[in-house]
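Here is a short report for someone meeting this structure for the first time. Please keep the sequence and the 3D view at hand while reading.

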Amino acid sequence: DVTHGRILYLEDVHVAFDGFKAINGLNLDIAPGELRCIIGPNGAGKTTMMDIITGKTRPDSGTVFFGSTIDLLRHREADIAAMGIGRKFQKPTVFEQLTVFENLELALATDKRVAHSLTFQLNGEQKDRLGEVLQTIHLADSAARLAGTLSHGQKQWLEIGMLLMQNPKLLLLDEPVAGMTDEETERTAQLFLSLKGKHSLMVVEHDMSFIRTISEKVTVLCDGSVLAEGTLDEVQADERVIEVYLGR
Ligand code: ADP
């Protein structure tokens with residue numbers, strides 16, 4: 001069983017758009033509880049890879065497994081999210097006119113339209129989780145604030161909190177510290193380190209000092225496949241990696 005002991009397993013994945021090979025023989029695996037950083041130049045295929053994992057894009061060929069039993073290519077995007085793969089895009093999308101608390105509450109509702117009626121009640125376990133999530137995302141003192149009044153960094157944390165309310169096994173995050181202040185970036189690193197072990201994370205980032213703080217293993221994507229893998233120091237010293245970053 002090739003997928004044994006991995007939360008995510010991709011083998012020889014290919015996808016072409018109008019003949020252009022955006023993903024070209026991609027192999028990748030992530031261990032349970034691992035925090036993996038993904039780097040690579042523009043057009044390397046990072047977004048397309050996340051689209052494939054989340055079921056938004058179907059590859060032309062290859063294997064994509066979640067854990068050892070779930071063949072993700074047999075499932076739709078909404079089912080994949082419900083199975084415990086949470087994705088966060090670069091820009092924060094929170095409900096600005098609702099409070100922090102209400103945003104987290106709403107993240108549990110399957111039907112967002114009725115969620116905010118007075119009939120929506122959290123059970124005990126959900127209340128406990130909401131309290132824990134507020135602590136994790138550094139917003140325990142801001143539960144009653146309107147989300148629209150939060151800083152950019154706090155909105156990003158709130159959106160991560162909304163994903164955490166679903167207790168995902170795997171989180172995919174696209175440039176989470178883009179646009180953050182140095183202090184927010186530092187606190188985001190703490191947040192991610194506190195998630196490691198409990199969740200598996202795949203983080204696409206450009207901020208190398210942030211990557212250095214949070215990750216022991218980095219994957220470099222280029223031209224739709226893995227160019228290098230190792231610690232940040234190892235990949236930064238790799239001639240081929242230097243070439244793609246300097247030569248383009
Ligand atoms: P990255 O996120 O690493 O910048 P992308 O996954 O967005 O890379 O893109 C990889 C390549 O595939 C790019 O050259 C991009 O133009 C191309 N591509 C991505 N999605 C599509 C699409 N839907 N149609 C055509 N080309 C696409």
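The sections below take the sheets, a helix, the ligand shell, the core and two single residues in turn.

## The model

This is a predicted model. Every value below was computed from it, and residues are numbered from 1 along each chain.

## The four-stranded sheet

Start with the open sheet of four strands. Its order is β2-β1-β4-β5, and its pairing is antiparallel. Strands β2 and β5 (70–71) stand at the edges. Each has a single partner strand, so one side of each is left without a neighbour in the sheet.

Strand β1 (residues 8–17) has a partner on either hand. Eight bridges join β1 to β2, and the two run antiparallel. Five bridges join β1 to β4 (residues 61–66), again in the antiparallel sense. Y9 shows both pairings. Y9 stands opposite D29 in β2, and Y9 also stands opposite F65 in β4. The hairpin of β1 and β2 has two residues between the strands. There, D18 takes a positive phi near 50 degrees.

## The six-stranded sheet

A second open sheet has six strands. Its order is β6-β7-β8-β3-β9-β10, with mixed pairing. The edge strands are β6 (85–88) and β10 (225–230), and each pairs on one side only. From one strand to the next, the twist averages 20 degrees.

Look next at one end of this sheet. Strand β9 (residues 217–222) pairs with β10 in the antiparallel sense, over five bridges. Within that pairing, V220 has A228 in β10 as its bridge partner.

## Helix α1

Is helix α1 mostly covered or mostly uncovered? Helix α1 (residues 46–53) is mostly covered, with seven of its eight residues buried. The buried ones are K46, T48, M49, M50, D51, I52 and I53. After the helix comes G55, whose phi is positive, near 85 degrees.

What does α1 pack against? Return to the four-stranded sheet, where Y9 of one strand stands opposite F65 in β4. Helix α1 packs on this sheet and touches β1, β2 and β4. The direction of α1 makes about 65 degrees with that of β2.

## Around the ligand

Which residues surround the ligand? They are F17, F20, A22, G40, N42, G43, A44, G45, K46, T47 and T48. Two elements give two or more residues to this shell: β2 (20–30) and α1. The largest share, three residues, comes from α1. By type, the shell divides into four nonpolar, six polar and one charged.

G45 is one of the shell residues. It is found in the loop between β3 (35–39) and α1. Why does G45 count as buried? It has 24 other C-beta atoms within 10 Å, and a residue is buried if that count is 20 or more. Leaving aside its neighbours within four places in sequence, G45 is in contact with A22, I23, L221 and G224. A22 belongs to the shell around the ligand as well. For a sense of scale, take G45 and E102, which are 57 residues apart along the chain. Their C-alpha atoms are separated by 35 Å.

## The nonpolar core

In soluble globular proteins, nonpolar side chains tend to be buried together. The largest nonpolar core in this model holds 65 residues. Those that touch the most other members are L8, I53, L158, L172, V203 and V220. Helix α6 (residues 152–164) gives the largest share of this core, six residues.

I53 ties the core to helix α1, where I53 is one of the buried residues. Leaving aside neighbours within four places in sequence, I53 is in contact with L8, V64, L72, I85 and L172. V220 is another of the core residues that touch the most other members, and its bridge partner is A228.

## A residue in helix α8

I211 lies in helix α8 (residues 208–214). Is I211 buried or exposed? I211 is buried, because 20 other C-beta atoms lie within 10 Å, and 20 or more is the cut-off.

Which residues does I211 meet from farther along the sequence? Leaving aside its neighbours within four places, I211 is in contact with C37, E205, V218 and L232. I211 and H152 are 59 residues apart in sequence. In space they are 20 Å apart, C-alpha to C-alpha.

How values were computed:
Predicted model: local features only at pLDDT ≥ 70, side-chain atom pairs only at ≥ 80, totals over all residues. Buried ≥ 20, exposed ≤ 12 C-beta atoms within 10 Å, placed from the backbone. Pairing = 2+ DSSP bridges. Axes fitted to C-alpha atoms, helices over the stretch in contact; angles between N-to-C directions. Near = placed C-beta within 6 Å. Nonpolar A, V, L, I, M, F, W, Y, C, P; charged D, E, K, R; others polar. Contact = placed C-beta atoms within 7 Å. Core = buried A, V, L, I, M, F, W, Y, C linked by C-beta atoms within 7 Å.
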